[in-house]
Number of protein chains: 4
Amino acid sequence: MQQIDPQACPTQGLSTFNKVICLAILLSTLLAIIETEPVLTTNWPQLFWWANLAFLLLFSAELALRIYIAPYTQAHLAQSRWRFLRSGWTLLDLLVLLTFMPLSEKLPLLVIRLLRVFRIVRLSRLTRFNASLNLLIQAVRKRKMELGISFIIAMSLLLTTSILLYLVEGSSNPEDFGSIPRAMWWSIATLTTVGYGDVTPLSPLGKICAGITALIGIGIVAMPTGILAAAFSEAYQKAKVQSGPTEQ
Amino acid sequence: MQQIDPQACPTQGLSTFNKVICLAILLSTLLAIIETEPVLTTNWPQLFWWANLAFLLLFSAELALRIYIAPYTQAHLAQSRWRFLRSGWTLLDLLVLLTFMPLSEKLPLLVIRLLRVFRIVRLSRLTRFNASLNLLIQAVRKRKMELGISFIIAMSLLLTTSILLYLVEGSSNPEDFGSIPRAMWWSIATLTTVGYGDVTPLSPLGKICAGITALIGIGIVAMPTGILAAAFSEAYQKAKVQSGPTEQ
Amino acid sequence: MQQIDPQACPTQGLSTFNKVICLAILLSTLLAIIETEPVLTTNWPQLFWWANLAFLLLFSAELALRIYIAPYTQAHLAQSRWRFLRSGWTLLDLLVLLTFMPLSEKLPLLVIRLLRVFRIVRLSRLTRFNASLNLLIQAVRKRKMELGISFIIAMSLLLTTSILLYLVEGSSNPEDFGSIPRAMWWSIATLTTVGYGDVTPLSPLGKICAGITALIGIGIVAMPTGILAAAFSEAYQKAKVQSGPTEQ
Amino acid sequence: MQQIDPQACPTQGLSTFNKVICLAILLSTLLAIIETEPVLTTNWPQLFWWANLAFLLLFSAELALRIYIAPYTQAHLAQSRWRFLRSGWTLLDLLVLLTFMPLSEKLPLLVIRLLRVFRIVRLSRLTRFNASLNLLIQAVRKRKMELGISFIIAMSLLLTTSILLYLVEGSSNPEDFGSIPRAMWWSIATLTTVGYGDVTPLSPLGKICAGITALIGIGIVAMPTGILAAAFSEAYQKAKVQSGPTEQ
């Protein structure tokens, strides 16, 4: 129990103490997210101040407890309190704790923002979160050649269509297509089918080129998507078999 | 016949009476949908008044008939008229009937709207509708772990990209990216490829980050989609085998 | 040869005469499409007049030739010139021929437009075009139950999200969400990921509901797409096996 | 070594010289892309001048070296320096080299743009890039019949929906739907789910038609995408087996 066990969170055998900490991490993340919204912090400044204080106390108590019980656990990470304190995860926890303290208004805006955002790092302590990301990393690694090739193809198409629209629309619409990087913004939005619509070709020839691009290109840019989905399903099936047939 | 048999609607053996009721439910739902449009209700107020009256009478007659014949059916739900009347489905039908009555103009707008929308609940009495939703629920339940993991991954990516754009664009474009929840609106629209275009990064650095986000992220957010489609096909195949090889 | 053989166009054994007619049909369709553009017809009115006259003469000559040689072909459709003339396809050809004649300017605009568009019907005489559509119809028919169920689920979700946004945004944004049909326009654009952006929720609560809708709903609305693609691939494989292993 | 070996770039056994050239080609492509952006060339004109000079010298030295050592390599392409110089790839390299020279400001804008863009052609010398595109071409060729049929179906749907919206919206919205080609721009944006939003139907009937189009059509237009992804995966698996089980 010297640390939140990486396998503990999703299992039924999780202790009540760890469940409370898991929940507190999720809530503190939510708080960190909505605290960036000025409308809320202006209207209820006290609420956020008190909530942050509560989380600061809770997580401090948790860390103190973990440091105190470190010698009594047979974990391989820490044999003594001092060693436990020096470990990377504990130092990270300490750093995150600092960000819960009321921040001076005199700090530059970007620093305040970075410190607030830093709290969200605690999410990485949640097992389920970590296991999910590991599965994705495995899936990407297993098919990295196939993904790489389809990514190169997608990039080539992106470059080709950007150049095409740059040459066709560049003169009549210099603000949006006056350079290849500018045309790329349109190209990415179109070929991924996001289609913001902030940038569209205006000349008839540009529209014809864009229409053909959209019809032909979408299938090619969607290829990594299909490969990734298949790879993830495979990696999941493999992980399920390894961990035993607990779920059908 | 004491109630619309849950298996009755799609089969060929459906009685003419039940067919009429099924059609009436569909038509009354359509009426409830288009009645919310002020342009139509202002131009043809009489039409909606009479149509609602017709449906009120039809569904009242249906309910009265069902109550009357309740003792003569060997259904397990109701042995007497009183017991049938007390059952949950009958009470729901009665509630829905009330919403077909001409509504007082003095009620608050939201109450009128809720009452009108409530009529659509009757759709749940249609078998085909119910069976379809059950199939979807089965599909989701069967793959809930896989869906859950891919949903966590999608959420993480959503959070990461929102934070990225919040830090990069937050200062220059505070209206759209001035907080993580605001950046999330952009992030959801982009990673699901909806791309409304009401919110787009304006700074070059923001556009570069957004472009990379779109190219890498879409495959990851599309993963639950692929898993769900496969799960639904599986659940459908299984249901078809269980109900016998009636269709090829 | 009394009619363009339904299996003829894509095969290598197609006669030069039929090849010319196939090409002429494609070109006349292209002409019919671009002739609707007022910028082109205003600038080069003579070009379209002469092109239409050429096609009128070519297709008249073709039809006359077909009528003349009808008795000499052993087709089951026509034994005599009169019978061939009375057949449905010949009458359709005659009707299409009429639309190539110079249209009076006094006709109502919609009638002129319908007559012009009617020329495109000739495309249906092309074999490759017909065979492709037949394959799609077969694919849809084979999986009509599965497609139907996933379509009902998609419709339910569409209705649910429209009602949700109508209740949440209807008061603050009556122009775009003031009725269920209006909200449905947004709902279709969002759940199909088209995302025009002409209609977006403005209130924070509306945006939260829309964001959750987008994240959850897209997978469900995309289900028919996946089923259709699989059904089409199956139908194609089956058709290839039946027509013999001519292509690998 | 007389030329960058087509199989060399991605392998570990690539010589340091070739690695430097590969990197230089990627960097010069990046330079050619960002050099089209007027904001950058106006602010740092000297940077681009010097970078282009450096690439000119590097690639000239490379080409001179290749010409010098041509007789000492046992390549089948060149036995003598003169023959190597006359080969297509060498001439292409020479042409690309010319585009790195400072361009006269007196040339027409389009010519300058074409010359700059021409530098990107050097990317085709990279093996990994070529192998990826070959795999895609193989995949397309293998399934060309299936892709062709689904493309014809997609085109038919595109034409049908364009005609529908042209007839319905053409009169009330002539700027966007006043001809079939104009309606096609909307149709492509909608059926590929790009959805720019620059063109949307405004009349209720137009919106109903567009909504039905979006719901039914997207699955059909997405079919080539699915076929292409499957074909690419197949072609990749086959290529992997042929090149030996080096990667799992």
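**Buried residues, chain contacts and salt bridges in a predicted model**

T193(A) is buried, its relative accessible area being 9%, where buried stands for under 20% relative accessible area, exposed for over 50% and partly exposed for what lies in between, with a 1.4 Å probe and protein chains only. The structure is a predicted model, in which local features need pLDDT of at least 70 and side-chain atom pairs count only at pLDDT 80 or more, while totals for chains, interfaces and linings use all residues. Residues are numbered from 1 along each chain as its sequence is written, chains are lettered from A and ligands numbered from 1 in the order in which they are written, and side-chain values use heavy atoms, with hydrogens and water left out.

T193(A) belongs to the loop between helix 10 and helix 11 (204-221) of chain A; helices (H or I, at least four residues) and strands (E, at least two) are taken as DSSP runs and numbered from the N terminus. The phi angle of T193(A) is near 60°, which is a positive value in a residue other than glycine. In chain D, T193(D) likewise has a positive phi of about 60° although it is not a glycine, and T193(D) is placed in the loop between helix 10 (180-191) and helix 11 (204-221) of that chain. With a relative accessibility of 9%, T193(D) counts as buried.

The relation between copies was examined by superposition, carried out by least squares on the C-alpha atoms of residues with pLDDT of at least 70 in both. Two copies of a chain are related by a rotation about an axis and a shift along it. For chain A and chain B, a turn of 90° and a shift of 0.0 Å along the axis lay the one on the other with an RMSD of 0.1 Å. The two copies are thus related as by a four-fold rotation axis. Only 11% of the interface residues of chain A are also interface residues in chain B, so the copies meet through different surfaces.

The contact between these two chains, where contact means heavy atoms within 4.5 Å, takes 37 residues from chain A and 41 residues from chain B. About 3,500 Å² is buried between chain A and chain B, and carbon and sulfur atoms give 71% of this area; buried area is here the accessible area (1.4 Å probe) that two parts lose on being put together, summed over both. On the side of chain A, the residues that lose the most area to chain B are R113(A), W185(A) and Y196(A), which together make up 20% of what that side buries.

Between chain A and chain B there are eight residue pairs in polar contact, both residues being at pLDDT 80 or more. A polar contact is a pair of N or O atoms within 3.5 Å; within protein, one must be able to donate a hydrogen and the other to accept it, and residues adjacent in sequence count only if both atoms are side-chain atoms. Several elements of chain A give two or more residues to the side that touches chain B, among them helix 1 (16-34), helix 6 (109-118) and helix 8 (144-169). The largest share of that side, seven residues, comes from helix 12 of chain A.

Over all chains, the whole structure holds 24 salt bridges, a salt bridge being a side-chain nitrogen of Lys or Arg within 4 Å of a carboxyl oxygen of Asp or Glu. Within chain A, R119(A) and E35(A) form such a pair, with 2.9 Å from N to O. This pair links distant parts of the chain, 84 residues apart, since R119(A) lies in the loop between helix 6 and helix 7 and E35(A) in the loop between helix 1 and helix 2. Both partners are buried, R119(A) with a relative accessible area of 2% and E35(A) with 8%.

The count of salt bridges between chain A and chain B is one, and E37(A) forms a salt bridge with R182(B), their closest N and O atoms being 2.7 Å apart. E37(A) counts as buried at 9% relative accessibility, whereas R182(B) is partly exposed at 22%. E37(A), E175(B) and R182(B) are linked in a network of salt bridges. A further salt bridge joins E146(A) and R143(A) at 3.5 Å from N to O, with E146(A) buried at 1% relative accessibility and R143(A) buried at 13%.
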